[in-house]
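The following exercises concern confidence, cysteine pairing and residue environment. Please work through each task before reading its solution.

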Amino acid sequence: MKKKYYSFKLLALPVCIFLLLNCSSPPLFQEAVIQFSKIEHDFGLLSVKEEAACSFHFSNPGKVPLVVSDVKTSCGCMAPDWTHKPIKPGLMGEIKIKYDSALPSTFNKKIKVHYNSPGSPIVLRIKGKVEYPDSKKARCNSKDLKQQVF
């Protein structure tokens, strides 16, 4: 009788462990969630050296605090600034981008936002065109000034 009872214990223990591992509730770990109001900003037409800045607002619709750990830009022509404190569920944060419009060109730049989730990073974009101010108007104004002097 003792042998049967002992073999039942040996068999019951692995079965109980198996059931506990497979029938337990889902893991308690929850991922952070980030939601942007927009992921692209179009500056349109800018003049050389015109101040160019925009903001990307985001919210945390998740159930755990959201931490933006880093914001990396695709070139040195952009300077990012962002909310460094953890964003509690239901609250909002902001990423500000300044673009250096020193040279005339068409641009389409990426900004990678790294945060505390396996879905990180998310990519934002800015685009636009930088041109020299209208030189034709400048020439007309200088001719008018010369005519007034003489």
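A residue is called buried under 20% relative accessible area, exposed over 50%, and partly exposed in between (1.4 Å probe, protein chains only). This is a predicted model, in which local features need pLDDT of at least 70 and side-chain atom pairs count only at pLDDT 80 or more, while totals for chains, interfaces and linings use all residues. Residues are numbered from 1 along each chain as its sequence is written, and side-chain values use heavy atoms, with hydrogens and water left out.

**Exercise 1.** Determine which cysteines the disulfide joins, and classify their accessibility.

*Solution.* Step one: the structure holds 1 disulfide (a pair of cysteine sulfur atoms within 2.5 Å). Step two: the bond links Cys75 with Cys77, at an S to S distance of 2.2 Å. Step three: Cys75 has a relative accessible area of 21% and is therefore partly exposed. Cys77, at 18%, counts as buried.

**Exercise 2.** Describe the environment of Ser59.

*Solution.* Step one: Ser59 belongs to strand S3, residues 52-59 (strands are DSSP runs of E, at least two residues, numbered from the N terminus). Step two: its relative accessibility is 19%, so Ser59 counts as buried. Step three: leaving aside residues up to four places away in sequence, Ser59 has contacts (heavy atoms within 4.5 Å) with Val33, Ile34, Gln35, Leu66, Leu91 and Met92.

**Exercise 3.** Assess the confidence of the model.

*Solution.* Step one: pLDDT, the predictor's confidence in each residue from 0 to 100, averages 81 over the chain, and 70% of the residues score at least 70. Step two: pLDDT stays under 50 over residues 135-140, which have 0 contacts beyond four places in sequence. Step three: where pLDDT is low, the predicted coordinates should not be read in detail.

How values were computed:
Helix = DSSP H or I, 4+ residues; strand = E, 2+ residues; numbered from the N terminus.
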